[in-house]
Amino acid sequence: LCVVLAERGVLYPGLSTTVIHRMVARASLTSNSRGVWTKIENGRYEYEFEKSLAEVAAENEAFLEQTMAEGLGQTVMMSTKIDPNQISVVAYLSDPFAGTIEQAVQTDYEEIEQ
């Protein structure tokens, strides 16, 4: 099972135009980016996770800063902020031996006013 936090539309401003990237993976919501092994019983499997958008953004920024510090490239930090109105959680079951996706689901969320 893999669970990914995705953003449906992200603006990447460039020198001459702004490009909208669709379904940008922002974070793995499983303990391992390759997913977790599952045992489905009675046609069900439950997986719980909790991660704030601020935590995801901070981890992404730290990764980009480390990458640049190691001299592995340059990036613009403008598009690291996550728009809560564009959030989706994508979960999929894959067969790691066949390299196939067996089943997938996407749930879209909108910001909840507090």
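This passage describes strand β1 and its partners, the residue S88, and an aromatic pair in a predicted model.

Strand β1 comprises residues 2-13. Nine of its twelve residues are buried, so the strand is largely enclosed by the rest of the structure. Strand β1 is joined to two other strands, β2 and β3. With β2, the connection consists of nine bridges, and the two strands run antiparallel. Within this pairing, P13 of β1 has T18 in β2 as its bridge partner. The two strands form a hairpin, in which four residues lie between β1 and β2. With β3, strand β1 shares six bridges, and here too the strands run antiparallel. One position in the pairing of β1 with β3 is that of V4, which stands opposite V90 in β3.

Strand β3 spans residues 87-95 and includes S88. The relative accessible area of S88 is 0%; because this value falls under the 20% limit, the residue is classed as buried. Two polar contacts involve the side chain of S88. In one, the partner is the side chain of R8, at 3.0 Å. In the other, the partner is the side chain of Q106, at 3.4 Å. When residues up to four places away in sequence are not counted, S88 touches V4, L5, A6, R8, M23, Q106, T107 and D108. The residue V4 thus appears twice in this description: V4 touches S88, and V4 stands opposite V90 in β3. Likewise, R8 and Q106 are among the residues that S88 touches, while the side chain of R8 and that of Q106 also make the polar contacts described above.

Attention now turns to aromatic residues. The structure holds two aromatic pairs. One of them is formed by W37 and F97, with a distance of 6.3 Å centre to centre and an angle of 35 degrees between the planes. This pair is classed as tilted, because its angle is neither under 30 degrees, as for stacked rings, nor over 60, as for edge-to-face rings. W37 lies in the loop between β2 (18-28) and α1 (53-69), whereas F97 lies in the loop between β3 and β4 (100-108), so the pair ties together parts that are 60 residues apart in sequence. Both residues are exposed: W37 has a relative accessible area of 69%, and F97 has one of 75%. These two aromatic residues are therefore exposed, whereas S88 in β3 is buried.

Definitions and conventions: Residues are numbered from 1 along each chain as its sequence is written. This is a predicted model: local features need pLDDT of at least 70, side-chain atom pairs count only at pLDDT 80 or more; totals for chains, interfaces and linings use all residues. Side-chain values use heavy atoms; hydrogens and water are left out. Buried means under 20% relative accessible area, exposed over 50%, partly exposed in between (1.4 Å probe, protein chains only). A polar contact is a pair of N or O atoms within 3.5 Å; within protein, one must be able to donate a hydrogen and the other to accept it, and residues adjacent in sequence count only if both atoms are side-chain atoms. Contact means heavy atoms within 4.5 Å. Rings of Phe, Tyr and Trp (its six-membered ring) pair if their centres lie within 6.5 Å; planes under 30 degrees apart count as stacked, over 60 as edge-to-face and the rest as tilted. Two strands pair if DSSP finds at least two bridges between them.
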